[in-house]
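Hi everyone, thanks for making time today. I'd like to walk you through one model, starting with its sheet and then moving on to its cysteines and a couple of single residues.

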Amino acid sequence: MSEDGHEQNGHEHVPSRQRRRFEGISSRAYEHPADRSALVALRKLTGFDTVFKALSGLLPERSLRLLFLSDSVRVSDQQFAHLNDMLRDACYILDLEKVPPMYVTQDPQPNAMCIGLDEPIIVVTTGLVELLDEEEMRAVVGHEVGHALSGHSVYRTILLFLTNLALKVAWIPLGNLAILAIVTALREWFRKSELSADRAGLLVGQDLRASMRGLMKIAGGNHLHEMNVDAFLKQAEEFESGGDLRDSVLKILNVLPRSHPFTTVRAAELKKWAESRDYQRIMDGHYPRRSEDKDTSVTDSFRESAASYASNVKSSKDPLMKLVSDFAGGAGDLGGRVRRGFGGFASSAPQDEPPSGANGTEQPPSDTPPRD
C-alpha cells in the first residue's frame, strides 16, 4: 500500500474504525414489511422446508456450484483477500454463524447475487469489484450477507430456475403463462427483498454516505466527481411525484420485468430508513433476536405490512397513489379526477356533473404536470 493510503490496485483503504456488532440479530430487524410478512408466512407453513428441499434434485444448484468453482475465483486469504476480510467482518457484525463461500466471476456488468438451496453462496462480478471503493463494497457484501441471513437465497434460486424455464417453454402458451405468473409474483417479492438487503448493507457498513455512493455508481458509473447525492435523491422525488396517471401506469409497466427496484428509489428508501427511529433503535442495541423468531405471529406481521402500505399510499406523491388514497377516503368527483389525471383522454363529462368552466362548460385540463 502506498503512503497516501491507497493500494496500488486502486482500492481505497480507510482507517479502521469500530463498528457495532448485532449479536443474535433477527433478519426481522431490517426486513421491509412486505418482504418480512411473506417470509414469516412461508416459514410457518407446515412442510414448507421439506417441499423445497425435495425440489433440490430438480434444480440446477449443484451445477451452479460446480460452475462457479470451475470458472470463477473463490475468495479466500490467498485470493481477493480484501473481499474475504469484508465477508468475514459482515458475518461477524450480523452474527451469521457460517461464512458462505464467495466467488468473483468475470463480467463487466456490475452485479452481485446470493443463491443456493441448502447453503447460500455469494457471487460478485469483476465489474462491481472494479467500480466500488472499499467502503462502498463493504455495504454490498453486507447486502448479500443480509440476503443469506434472511434465507432469501432459496427463493432467489427458485426465481433463477423458473426464469430460465420460462424461456425454454415460451413456445407452449398455457405453460408459459403459468410460469410467468409465478415469476411475476416472485419478482415483486425479489424487489422488496432488495430493499431489505440494502438495510442490512447499511447495518454492516454503518456509513450511509458510502451506501449512497455505491448506488449512484451503479446508476451512473465511476464518475463520482460528476454526481451529487442531493441531486440524485431529488430524481427519486421527481420520479415519484411527477407526471399524471399515464406516467403512473408507465412506472408500473417499467418495473414489472425488473428484478431490482429503480436505483434512485432504493437510495431514497434507504435514506428514509436510516433517518427513522427503527434504525436508531437497532444501533442502540434494541432489536428482535433470532431466538424469538419461533414466536413471531403471522397475523401481527401481516398487520404491520398492511399498516406500512397504508401509510405509504397516504404519504405518496404519485398521482395514482393519491387517487387510491382519495378513493379510500371517500373523495367525491372520482370520475373527474381520473379524467384530469389522464390529461384529457376523456373529452366529455357525465350529464349529472356540475359545470366547472366560467361559461358553464368544462374547461379542457392542462397537459402540464403539477409542480412540486
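Before we look at any pairs, a word on terms: two strands count as paired if DSSP finds at least two bridges between them. Helices (H or I, at least four residues) and strands (E, at least two) are DSSP runs, numbered from the N terminus. And the ground rules: this is a predicted model, where local features need pLDDT of at least 70 and side-chain atom pairs count only at pLDDT 80 or more, while totals for chains, interfaces and linings use all residues. Residues are numbered from 1 along each chain as its sequence is written, and side-chain values use heavy atoms, with hydrogens and water left out.

With that settled, the overall picture. The protein chain has 16 helices and 4 strands. Its exposed surface is about 20,500 Å², with carbon and sulfur atoms supplying 55% of that (Shrake-Rupley method, 1.4 Å probe; for residues, only the protein chains shown count as cover). Of the 372 residues, 42% are buried, where buried means under 20% relative accessible area, exposed over 50%, and partly exposed in between (1.4 Å probe, protein chains only). A contact means heavy atoms within 4.5 Å. Among contacts between residues at least 6 apart in sequence, 71% join residues at least 24 apart.

Now the sheet. The 4 strands form an open sheet in the order S1-S2-S4-S3, with mixed pairing. Strands S1 (73-74) and S3 (112-115) are at the edges with a single partner strand each, so one side of each has no neighbour in the sheet. As a reminder, strands of a sheet pair through backbone hydrogen bonds, either parallel or antiparallel.

Let's follow S2. Strand S2 (residues 102-105) pairs with S4 (residues 121-125) in the parallel sense, over 4 bridges. Within that pairing, Met-102 has Ile-122 as its bridge partner in S4, and Val-104 has Val-124. Towards S1, S2 runs antiparallel, joined by 2 bridges, and here Val-104 in S2 stands opposite Val-73.

What about the faces of S2? Both are covered: Met-102 and Val-104 on one side, and Tyr-103 and Thr-105 on the other, are all buried. Helix H6 (residues 134-150) lies across S2, S3 and S4, and runs at about 20° to S3. For that angle, axes are lines fitted to C-alpha atoms, for helices over the stretch in contact, and angles run from 0 to 180 degrees between N-to-C directions.

Staying in H6, look at Leu-149. Leu-149 is buried, at 14% relative accessibility. Leaving out residues up to four places away in sequence, Leu-149 touches Ile-25, Ser-27, Tyr-30, Leu-94, Leu-96 and Arg-290.

On to the cysteines. How many disulfides does a search of the whole structure find? The search finds 0, taking a disulfide as a pair of cysteine sulfur atoms within 2.5 Å. Why is Cys-114 not bonded to Cys-91? Because the sulfur of Cys-91, the closest one to that of Cys-114, is 9.9 Å away, too far for a bond. Cys-91 is buried at 2% relative accessibility, and Cys-114 is buried at 0%.

One last residue: Tyr-92, in helix H4 (residues 81-93). Tyr-92 is partly exposed at 48%. Tyr-92 and Phe-22 are 70 residues apart in sequence, yet 8.4 Å apart in space, C-alpha to C-alpha. Thanks for listening!
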